[in-house]
Every structure is written in C-alpha cells, then in structure tokens.
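Please open the structure in a viewer and keep the selection panel at hand. The tour below proceeds by selections, one stop after another.

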Amino acid sequence: MIETLVVPLVKIAVLLVGILTAVAYLVLLERKVQAWVQVRLGPMRVGPHGLLQPVADVIKLIIKEDITPARADRWVYTLAPIIVLVPALVVFAVIPFGPETNVFGIRMPLHVADINVGLLYIVSIASLGIYGTILGGWASNSKYPLLASLRASAQLVSYEVAVTMTLVSMILMAGSLSMVEIVESQQARGLWFVFAQPLAFFIYFVGGLAETNRAPFDLPEAEQELTGGFHTEYSGIRFALFFLAEYANMIVIAAVATTLFFGGWLRPFPSVAALGLLDIVPGWIWFLLKTFVLLYVFLWVRATLPRYRYDQLMRLGWKVLIPLAIANVIVTAIAVVVL
Amino acid sequence: MTPITPAHYLVLSAALFSIGLIGVLVRRNLIVIFMSIELMLNAVNINLVAFSQQWQHVVGQVFALFVVAVAAAEAAIGLGIILAFYRNKETVNVDEITLMRW
Amino acid sequence: MTDPHPVTATRTPVQFDTDELVINMGPQHPSTHGVLRLILRLDGERVVDADVVIGYLHRGIEKLSESRDWTQIVLLTDRMDYVAAATNNLGYCETVEKLMGLEVPRRAQYIRTVLAELQRLASHLVWLGTHAMDIGAVTVFLYCLRERELVLDLFEEYCGARLTYNSRRVGGLPADLPVGWDRKVREFCDIVDQKIVDYEQLLTQNRIWLERTRDIGVISGADAIAMGFCGPPLRASGVMRDVRKDEPYAAYEEFAFDIPVGAAGDTYDRYLVRLEEFKQSTRIIRQALDGMPEGPVMGKVPRLIKPPAGETYHAIESPKGEIGFFIASDGKSLSPYRFRVRPPSFCNLQVLPKLVRGHLVADVVALIGTIDIVLGEVDR
Amino acid sequence: MTIAFYTLAAFILALGVLVVSTKNTVHAVLFLVANFLCVAMLYVLLQAEFLAVIQVLVYAGGIVVLYLFVVMLVNLKRGPETHVDPRRRDRMGLLIGGAVLAEFVAILLYGFAPRATGAAPAAAAPGVGNVEQVGWSLYVDYLVPFEVASILLLVAMIGAIVLAKKEP
Amino acid sequence: MADSYLPLIPLLPAAGALLNGVAGVRFFGKRAAAAVACSTMAAAFVLSVAAFVELLRRPADAREITVTVAAWVPPLALETARGIGTFAVDWALRLDPLSALMILVVSGIGFLIHVYSVAYMAAESDGAYARYFCYLNLFCFFMLTLVLGSNFLVMFVGWEGVGLCSYLLIGYWYEKKSASDAGKKAFIVNRIGDFGFMLGMFLVFYTFGTLDFRAVQDMAPAVAAAAGTGVLATICLLLFVGATGKSAQIPLYVWLPDAMEGPTPVSALIHAATMVTAGVYMVCRNAVLFSQAPDVMMVVALIGVLTALMAASIGLVQNDIKRVLAYSTVSQLGYMFLATGVGAFAAAAFHLMTHAFFKALLFLGSGSVIHGMGGEQDMRRMGALKRYLPVTYATMMVGMLAIAGVPPFSGFFSKDEILYRAFLGHKVIWVLAVITAGMTAFYMFRLVAMTFLGAYRGPAFPGADAHGGHPAHGHDDHAGHGHGAWHGPHESPRMMTVPLILLAAGAVVAGFVGIPAALGGANRIEHFLAPSFEPRGAVHAAATAPSDEAATSASHGEGSAAVERAAATAAPEGTHEAPHLSTAGELGLMAFSVVVALTGIAVGRRLYVQQPGAADRLAERVPLAYRTLLNKYWIDELYHATVVRGTLLLARVSWRFDALVVDGAVNGSGWTTRFSAWVSGLIDQYIVDGLVNGTGATLREASLGFRRMQTGLVQTYALLMMIGVFALVSAYLVLR
C-alpha cells in the first residue's frame, strides 16, 4: 500500500520541484550563455554572478500586475498557459532518470511510471501542448496574437509529425515503447542509438527546436516582427507560466533525446569494459549531464543562428525533415528485419 | 459495489450516443453538430472496447482503431466543407444552409 | 488624429479574402531604424501593398539654415544623417567652397578624406549590426557595435564629439590632427580588417542567412537607376556609379581603390558590396595616412563668409549613397537664400514599397535593413 | 476500479451535455477535448492502453485541433446567430433523442441478444502487452482493412487540401 | 385535159364562198357579192359541161377520170376483216357518167338559182345578202365535192358539208325562232342519218380494206362470195339509213317540210334539186353493192313507195304552197328510191335529173308568187293570179304537167320508166306507185288551181278590180321580205322570170334523153349511165354511137343545145330484172299511167275550178281523214312525243339517277367518314385523355403532399431518420 502510494507521490513531488528549479535556472543559463557569446557578461547584479536572477524574475512576474485584455474570453485566457505547462510537466513521469537504485534504502527505479506505451504517451501528451498556444492567441482577442498563435500551432503540428517519425524509427530499433526497455536495449546492444541513427537524432533535435519555438524557428515570438508573438497580451503570472512551459518543453526534448539517443542513464561507451571506472558516477548523474549538454546546444544555437522565415521554416519541416524521417523509418525497418 | 459489467459500459455509451444525437438534432451551429457526431462515434468506440474486453479478443480494439481513423478522415473533410461553405456564404448556421431543397 | 494616409480607402481590395489584414509597422517599431511608419496590407503572410509614411523626424533643417549664417549651418548638417555626420559636413563645406571658389589646402583634403572613410566604416558597422539582428543573428549586432566604439573614440579624440562632430569648416578644417592620431587609426584599420573576416565566417556562408537574403528584394540595374537608387544598393544592382570615382572630390583621385559591384541586386549582393567597402575604406585610409602632406589645414577664408550671388550643386559619396547639397545665395545676406539637400536615404527609401511587394512580412524587416536608411536624413 | 468508472462516466456524460449545450463554440471544443481525455482514461480502465493513447493522440491532439482552427477562422468576423428557421422542430428532436435512449436502455435491461451472458468473465490479465496484441491482430488478421483505411486517410487528406485551398 | 381543171369545179364555188364570207360581209355591196357568186357558179357550170363533153368523147368503157388532188389521211395500219389493211385516203375526185350527170345538174340549176336569188333576196341588207351568197356558194362547193368524191370519205365530207349548209340556209333568217328551230331540226335529223352512213363507211373499210368506190365495186362480187351477203346487207342497210336521213325518207323526212322556213331559192336548190338527191346518188354510186343484197333492195323499194304514198297523201290537204311542194319532193324521192329498190338505177338517176328541173321550176315559181304576193304563202289567200303573174303561171303550169307525168313532158318518161320497172319488180309496189302518181297529179293541179285560177282571195290592194273576192282580212306576211309598200300582186322582175323560163324548157326537154325503146327512143341516158352501175369488167353490148345527151338548155347555150334524139337501140341493159314485158305491154302500162295522171288532173279541176267550195265540202265529209292528212299523220307530234320527249326523259332520268345514286354514293361515303371521325374523336377525348390526365393529376397532388416534407433543413432529415430507427427498434422489441 505504502509502496504503491507514498513512493510515487514522493517521486512526483521530487520530480516537480526538480523540474521547476531546473527551468528557472535554465533561463538564467540562457541569458549567461548568450551574453558570453556576445562578448558581454549577462546578468551579474542579482546574487553572485547573477545566480539569484531567476528568483528575482519569478518574484517580479508574480508581483507584476496581471492584466486581462477587454472582451477577452476570461476562462480560456487563464486556462491557456496552464494547458501549455501541464503537458510539459506530465511528460516527465515516464522519463527514466536512472536504473534500479536504492534511495534511502528503498530499491526503486528512478522513474515515476513505466508504461508499455511510454513513448506514445510522451508524443500524445506533447501534442496537447498545441492547445495552449492556440487558445492563448485566441483569447487575447487581438489581431497580432491570433496570427502568431495560428502560425505557432501550424509550426508545432508540422514538426510534431517529423519528431514522431523519428521516434517510430527508434521504437523499431528498441523493439518496445517503454522508455526503460529502450534504455535497456541500448545497454544490451552496448551502443548508443545516436551512433546507430545519427540522422534520426539530427531530425529529432531540429524538430525539437522547432516544437519549442526556439532558435532558428522562433518566428512566432520574434520581437522584431509581430511584436512578441502570441503571448503579447499576457503579463504577470500567466506570462511566467508560458515562459516556464517553453523551457520545460526544452528540458523534455533534451531528456527524451538523452533517453532515446544517448542511452539514458548509461555511461558513455557502456559496453566497453575498459572504461569501468566511469561507473562510479551513478546513472542519473550521467542522465543529467547529457541533458545539460543538449540544453547547452539549444542555447548556443539560439545565440548564433539567424531566424528562418516562416514559409522557409514550414518548407524545411514538410519538404525536408518529414521525408527524411520517413525514409529513415523505412531504412531502419529494413535494417531491423535484415539484421 | 457490483463489479463493472459490460452492460454498464453499454448504458454509458447509449447515453453518450443519445446526447450526441440530441446535439445533432437540436443545435444550429454546424461545427457543434460535427462535434456531436464525434461524440456519437466515441460512444460506439466505448461499446467496441467494452465488448472486446468482455470477450477477451482484441478485434474490438482494432475495429475501434479503424473507427478512429474514419472519424479523423470524416472530420478533415467535414471541416474542409464547412470552411469552403463559410468562405462563400459567410455563415455556419445550419438553418441558412438550405440550398439542397426542392 | 485621423489617419493622414487612408491607405485602405484608396486601394480597392484586390480579392475578397477572409483574413486580409492591414498592419501598421508603426513609427516606434524595433527594426525601423528610427521613426519610419510602414502601412502593410497583407494577404495572409504575403505583402500585397505597402505605403511609407515619413515626416516624424522633420526638424526643418533647410528652413532653419535660411536664418543662420554659412558657418552655423555646418552644425545643422551634423544632425541630418546622425550615423555619418562627418560626410555631411564635408559635403556642405565643399559645396560652399565651390560656390565661393575657395582653395582648400591639400593636407585638409587628405584629413577630410580620412575622416570621410572612417565615417563610412562606422556607418556600415551600424548597418551590418542592425541588419543582422533584424534577421535574427543577435550576436553579430554586439560585435559590430564593439568595433564602432573604436571609431567613435577616434572621432572624439579629433573633434571632441562621438556623434555630432562639426568636424569641418568652410575652407578647411577646424584643427589639425592630434598627435599619434594616425597611429590609432592604423591600429583600428588592422582590427577592422581582422573583424571583417569574422563577420564573413559568421554570416556569408550561413545557410539560414543565405536563405533569408538570397533573392530577396531583387532590383535590376535599370530599375535601380529608374527608382533613384544610389550608393551601395545601386552598385549591388551592377551599376558602376561612385561619386568618389566619377567626380572625385577631396583627395580621392590620388588614392587607388576599386568599387565593389554586385550582380543580382538582391539583399545578399548589397550585403557583399558593403562588406567589400569595409576593405576598400581601410585601404584608402592607409594610403591617405601614408601620403599625408604637411601644411596648413585652413585655407584663406574671409572672416565673414558671404558667397557671391548664384547657386551651385555639389555631391559627394556618403556611406548611404550620393548626398548632394544645393545652395543659392543672393550675395547680400549672410545666410543662404536657399539651402537644399539631396539625401541618399530618402531616394533609397522610395524604392521600399516596390521592393516589399510580394514578399513576406519577415522579409520586410530584412529589406528595410538592406537599403540602410537613416530617418534623420530622410525627414531633414 | 468501480469508483473510477463511475466518476469517469459522470464526467463523460456531463462534458457531453456541456459540449451540446454551451453557447460559446470554443468552450464547446474545450469540453469536447476534456470529454475525449476522460474516454481515454476509460479505455485505460478497460485495459486498452494502446487505444487510449491513440485516442489522446488522434482525437484530442489532432481532430479537435482542427475543430479549434475552424472555429477560430469561422468566428473571426461572424455576427451572432440570428436566423432561426421556423420549420425547426427542436422539441421533436429532443423527444426522439430521449425515446431512442429509452429504447436502448430498454433493450439492455430486459436482456438483449438471446445469448446474454450476464456477468462479464474475469478480466484475465493477458500475458502479452495490449499493444502487442493489437499490433499482431492489426497486421495479421486485418491487414487489408488497414490498407484500405490508409487509402481512405490519403483520400481524405487530398480532399481536405482541395476544399480548403484558396482559389489561386 | 379534164383532170387538170376537174378539181376547179368544186373549188370555184368554194373560192366564191370564201370571198363573200370573208370580205363580202363587210366590204362588198349587193352587186359585188351577187357578181362574185354568180360568176363562180357560171364558171363551174362551164367547166362541168367541158368535162362532160370530154367524157363523152371517150369510149364507153373508158369513161372514167380520177384525179388525186392531194394526200389527205396518212397511211394508218388498221385491222380489217382480211388482216391489217392500210387506211389511206386521198382527196381524189372521179368523173364518170353518173357524176358527170350530177355535176351538170348541180352546177346548172345552181347557177340559175343564184341568178334568181339575186333578185329575190334584193330586199336583204348588204351583210346578210353577202352572207346568203356565201352560204349558197359553200353549199354548191360541198355538193360538187360529194358528187365528185371518188371514195366514201370525200363523199362524206361533202355529205356533212351540205347538211351544214342546209342548216345555215334554213336558219338564214335566224331572228325568226321557227327558222332557227327548223334549221336545228334539219341538222339533227341529218346527223342521225349521217351516223348510219358513218357506220356503213366503217363497215365498208372493215370488209373491203379500202374506201375507194371503184375498188369496192371491183371486190364486191368476190367479197360477197367469200364473206357471204350478210355483211354486204348490213353495209347497204346502214348506207341506206344515211340516205333516208339525207333524202328525207320515211323515218327521217320530218325535217324537210319545216325546212321551208328558209328562203324559197334555197328550198328550190337544196330541197328540190340537189341535197335531197344526194341519198339517191349515193345508192346509185353503190349500185353494185346494193345489187349484191337483194333483200336490202326490197327494203329500199318498200320504204320508197311507202314514203311516196304517205307524202302524197299529206300533200293533198296542205294549204301552204311551199309545204305542198315539200311533200311532193318527198314523194318523188320515194319514187327514186323505189326505182333503185327494183334495180332501175338508171331510171332513178333519170328521174332525179328530170325532177330537179321541174321541182326547181315549181319552187322558184312559188317563190315569185310569194314575192308577188308580198310574202303571202297561204294558197287560201291567193287565186286568180293568172292575170297578174302570167309568166309564172305559164312556167308553173309546165312544171305541174311535168311532175304529173303527162307526156311529152320529162316527168312522164322518167316516172313511167320507174313504174314499168316497178311493174316488173313487184305488182303490189306498182299499184301503190300508180296511186301515188294519181295523187301527185291531183295535188299539183290543186296547187296551180288555188294559186292561179279561181277567185282572188288575197288582201285588197289599190287597183284591185272587182273580180277580187272578198278581200281577206289583212294577213300581212310574216317576215317583211316584201320590198317597200306592197301594191298588190305583180309579176316578178326579169331576173326571176328568165330562170323560170329556162327551167321550164329544161323540164320539157329533159325527158327526151330517156325515151324508152318502146316508144322508139334510144333510152340514151340508160346506156350512158350503165358503166357506172356495173363492175368494171362487165362488158356489155357496145353502145352505139355516143349518145349525145340533150344538153340541158344552159341559159347561155340555149340555142346551141344539140337536141339529138338518138334512139339508142335499147339493148337489154345489163340490169338483170328477170321478166321482160313485150313492147305492147309496155305501151299499155304507159297509157294506163297517163290515164291515171289525167284523171288526177280532172278531179282537181272539178274540185277547185268548177266548184270552188267542193274541196271544203269533201273535207267535211271525211273530217277524220282530212285532219290526219292536214296534221301530217301527227308524225311530228309522234316523233316529238317519242324521240324528243324520250331523250328529255332519258336525260332527266339519268340526271336524277346521277344525282341520287352517284352523288348519293359519294356524299354518303363522305358523310360516313365524317360520322366515324366524330365518334372516334369523342372516344379519344373522353376515354383516352381522361385516363392520361387523371394519372397526371393524382401524381401531382401526391407529390405536393410530399414536398412539404423536404424543408431543406439537414436536421429535419436526421429527425426523420431517427424516427425510422425508433420505429424499427420498437418493432424489434415488440415482435421479439
């Protein structure tokens, strides 16, 4: 009874707190990274080297006046950010942070739940995220946000297809939908799938960028053009939620990428005995390390690359990524059958 | 509590079906009508799954899958039509769409 | 207030469409380099029509000049193209000298040329930074401004100001070069040459950059001339037109430099042309510094400058394009009878609607950047 | 188990009624989404995980998004619904709906097919995962319908594009 | 030579007629018209005499000249008894003794009558005068053609021509209804006769394959032998019918008395001398044929004698002078036919010639009497004109004696010859003939007596001497043809009296030509005409010296007429009457006939001269006989009743029949179709349309009902579906 009830709740609590703080500091990290790239220091004022900046931000957003535009659909207006954030957080339930380890004496797998439709669960929950964007744009009842939200959702939908295709190829490789089994299959093969499927990873990563409206694909939020995209009208806590959701999604993409492509909690070159000493480091540290690296790439890309125009973006999505993904699936299918 | 028998599910789906039916018959907005149709389809799916679970055969679910596929196609086309119609007639009120009458 | 330009009213809707929008890229828009207002009519994403609204920065410089004497006007010229003030002063002074027929000492000519080229570098740096940021490459903006700081330091050292230099006098220069100035300038040129390589690495071969600039805002040579393009955009369309070569002023004819000319006349070509001009400017500066003659910096100029009755027009090559000054004096009063400036930004701006038509909203931003306009000069 | 069923059932029916009855179309769409999620959970109750996920992915994630899109496009400039055709027989519609419901219930309660089995057999936990079972039967027993369904979807896609495309 | 000028003989009068007809009516005056007419006739007469002389100069058996003037009917293949024969007919004229005689008679008397008419018709207007002479000339042309025709068809042309002219001349005074009626009557009766003639002609061609007289005569005996006399009999009978029509015999004589309506010279020429004799001429021409059909000969004879008797009896009581003469003509023609009937063709021809003379004389005489009396024709208003018209009286007296058959006048010889032959033929016929002769003598004398002798019974006139009887009330003549105011009976002008005198001479002289052997005469005429009657091949006793015909005293050749009395030894001519009476017998017969004649005259004298009222008293005594004779045995009425009314009745009946039956049938069928159409129309309208519209209407009503269901609302349809479902399910529940 305790096992089945308390442990999950504790896990959930730990997970949520961890995620939220991670998100906050991710924001800071981004601003720091971009500053370094641009030959400047970034936020230094709050706390040593600006470490407390996220706290300041959060407090600011919470304190700030929360305006609801006139004739906006109040219910939907408030609901939209929540709809965006919740799926982002819920997805973490399925991601296996580490192998069976005992924490405080209780052996338990370091993931909240392992369901055999794990990957599908992630994809479907992710697809719910679109509602938030759309409703957000719609609820603010003005021209620009609506346009931006339509554009953003169109982008999300199209890239979701590409991402799902890559996941399909991974499932083919792993032979199972459950995340844990995928990692175990990588362990069994002693091979990170990224090396087996580099193209899939690349498509997944670009797709991920696009799905979170980041870097070259951040047209909807493009300050320069349509005045801030769909969350222009938002302010205060709702805006914060949107912001959090965006970064949470980033983390999700990174986490899923690590589990699928970089062998979850496996140490680099898991099958190579020589590197046995690397085992000292527990699985979930590896997991966090890999996720951190991916996140860093996210931030790095944002700082350098110019922005894709909307139609180029869509064209890239539909005419380049999706076909490649499908081809990849076919190739892997043949490979799996043959090997 | 009495164990959940497929009958319960059937009652539930019947109820859901009739709600959908009433929605189709009563509402004036074309889109709501479409949604009611989706409801009815879901009711059917519930039935299918309930039977599949009752007879321990996965065919119900497969069939439900097909129903979902068809529903998706139907929704796509239906909305396409609504959009086209809206573009010409500037309305989605089903009462005004009375072209196809004698 | 009622909208002075009821664009929507005049133009009948081309085709009834559910979501044709009319958007105001209002005066205070992040990427409009000042107070330019652009009314866009969109068909979905595609721009159907654009109407440029200017006048928000109009200070009536030309009218003011009529109530000031000839030397005070130099100050006014600073505030026209505030990004390239030095060239304005140069242009104005040379026009007055031409009207009065004054002789400017060679050393003054040389120094004027150095200052002009430094000013060109500064202006192009500002252009590159903002243009790149508009298209999304934020970091490039920071790099460019960093270099521009160096140029501003140099100017500050010479004439005490970072922006409104007032660095010329009719007949010559207010002062000679400070000691060691030229060494700093040489160092600066080396840094710029090195930085140009960075920029090229960052942008020139960047897929996304190419995607965003290639074939955007294409203008053929004939159209460019017809539409009144001048400066880098004109040269990008393949027309070999540079006042420094065609009608050399100051000391240009003594230096060897070549004029970069583009082929397709799209945004990417304009980018390449201006990038090439960076290199040419540093080259001129080095030649000028090497060959700097000695001698006075100020020609023989009467105390009260009263040019004889008559009118003249003199154009020089500002970083934005060919800037021309027309002054008419009645010979009696101390102030000019009529003072008219032909600003390159204004001419380049009028091409914008044609450039923009048919492109997407995102391109509008890039196109504004590529024609490199400064509203101060446009509105005067 | 039963508590879950009853709550879910209540939710589903409530949401159903809300979908049908709300004035604001967008709200209706949202209720629909909620309804679908509850149904998905119901499937999970019925050990049809794969279908649950598909329900969420396809229905909630895809179709309703379409509805949302259309609702937004349509509501952009539309005035309030005014025109009511006098020949509508709303009350009759309600009546018939109720009657049909009564019919179904009647059938259920008083036994239906002669082979009414009464109690449902114990839900034997299948060894093999639900997804695997569905996968097997889908690609083995029902391969042809699967292909036909794929063609249907293709046709629907093309149709939708053609319908919604603006004239050049 | 003859054949050069032979055709001229008929053509001259034709020219005259043409001239008069075309120009005369408008341009000629009286004198010119008369001159033209008379000159042409004179020329014709001269040529005829020349031709006659030339003929005489030829040997007996070569007395035949045939001239083909022109081709007429192109050869036409027709089927005949003896296979396909070609029917080719030419305008051919033939001169042989018979035709020579005839042309002499026609042109001679014709010429005299022309002269007479000049004066007689003087009162006519110019146009009418010319018209009269044109018709007269035309008549002579046709008569000459008839006579000279060498085949049936040419003869037939003449035949019809004369019929036409008789109609024209009878109806000359066409204003008078009685004249035009008489003309029509004459023409119609003639046509009936001609009809018979035509049939005969066709039959001739059919049997002989040719119409030429000479050819027919040659083949006659062979054909008779081959085809049997039956055919020939029918031919002869038909021809005879034509003859009766033309020569006014029993059945078809009625037209002649009415023909008196025409002017008197016309009656004289046509109804005495020429036309009426055509029938006799035709029979004589075909003597050979007739002789081949003895029973037909018998019929001819009978009809001849009966006609003579009947006509004579009617003549007894007639009061109109011209009517009397008309009936006498009929009876004399009867005699001629009697002669032919008994085979005495020559006698018939002889009597024809003599009759022409004295009958013309009598007619012209009566003409001058009428002229004198200012158009009065009724004898009862004449009398004692002897004093006023002495010449006319004398000539009339000669004529009367001639016709009565008193020797030595011509009438005696010819009539006696016929009587003799009749006696040889059949005794019964002879008796009738003698009676007729008696009657003839009586009524002729009556005529002369009433006209010239006795008391004057005419209208008073200035200078009328007491002798005139009570003046009859003024019966003015009809047709004002008297010239000017009538001043009482006066002698005719010389132009009229001279022809009378000439004719009188002719009447006397003509007889001598045929004096029978019994009286020592050479019966010249018989020998002259013999070749015409026998088939060519028959050789008969060579005629002795050419018997010169006592040229009739042509007015200009009066003196030169060589009157030779050549007594031809009357060899028994070839006519084959069986018994031959001894000369004594003959003489006896002659005497008997003279006696009969004289008695007739005596009786006449007693009744009319000595006791003027005796006739009337006799009449009262036998009223029935008198009235029958007066009314001409009511034959006219009979004909009228039978034929005329018959045809009318027939016409009316056929009209009614046509109207009723034919029209009936046509209208009837029309009516029936209309009726059936009407009926089917009714059926179609009510039953068929009813059905169709009915179904249409019901359908429309039903569909209207359903239409309300289609409201166009999608939800209505959904509702209906659901109702259906509900019904099904409930049915399922109920029925399970």
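Begin by selecting chains D and E of this predicted model. Where they meet, 12 residues of chain E and 12 residues of chain D form the contact. Colour the side of chain E that touches chain D by residue class: 8 of its residues are nonpolar and 4 are polar, while none is charged.

Now hide chain E and keep chain D on display. How many helices and strands does chain D have? The chain contains 6 helices and 0 strands, and, read from the N terminus, its elements follow the order α-α-α-α-α-α. Of its 168 residues, 35% count as buried. Among the contacts in chain D with a separation of 6 or more, 53% are made by residues 24 or more positions apart.

Move next to chain A and select residues 118–139, helix H4, together with residues 143–174, helix H5. How do the two helices run relative to each other, parallel or antiparallel? Their axes come within 8 Å and cross at roughly 175°; because angles over 145 degrees count as roughly antiparallel, H4(A) is roughly antiparallel to H5(A). The contact of H4(A) with H5(A) comprises 15 nonpolar, 7 polar and 1 charged residues.

Retain H5(A) alone for a further look. This helix has 32 residues, and the distance from its first C-alpha to its last is 46 Å, close to the 46 Å expected at 1.5 Å a residue. Is H5(A) mostly covered or mostly uncovered? It is mostly covered, as 25 of its 32 residues are buried. Then select Gly175(A), just after H5(A), where the phi angle is positive, at about 85°.

The last stop is in chain C. Select strand S4, residues 310–318, and strand S5, residues 321–329. S4(C) and S5(C) pair in the antiparallel sense over 9 bridges, and a hairpin of 2 residues joins S4(C) to S5(C). To see one position of this pairing, select Ser318(C), which stands opposite Gly321(C) in S5(C).

Add strand S6 of chain C, residues 338–342, to the selection. S5(C) also pairs with S6(C), again in the antiparallel sense, over 5 bridges. Which residue of S6(C) is the bridge partner of Gly324(C)? The partner is Arg342(C). S5(C), which thus pairs with S4(C) and with S6(C), is mostly covered, with 7 of its 9 residues buried.

Key: Residues are numbered from 1 along each chain as its sequence is written. Chains are lettered from A and ligands numbered from 1 in the order in which they are written. This is a predicted model: local features need pLDDT of at least 70, side-chain atom pairs count only at pLDDT 80 or more; totals for chains, interfaces and linings use all residues. Helices (H or I, at least four residues) and strands (E, at least two) are DSSP runs, numbered from the N terminus. A residue is buried if 20 or more other C-beta atoms lie within 10 Å of its own, exposed if 12 or fewer, and partly exposed in between; C-beta atoms are placed from the backbone. Two residues are in contact if their C-beta atoms, placed from the backbone, lie within 7 Å. Ala, Val, Leu, Ile, Met, Phe, Trp, Tyr, Cys and Pro count as nonpolar, Asp, Glu, Lys and Arg as charged, and the others, Gly among them, as polar. Axes are lines fitted to C-alpha atoms, for helices over the stretch in contact, and angles run from 0 to 180 degrees between N-to-C directions. Angles under 35 degrees count as roughly parallel, over 145 as roughly antiparallel, 65 to 115 as roughly perpendicular and the rest as oblique. The expected span of a helix is 1.5 Å times one less than its number of residues. Two strands pair if DSSP finds at least two bridges between them.
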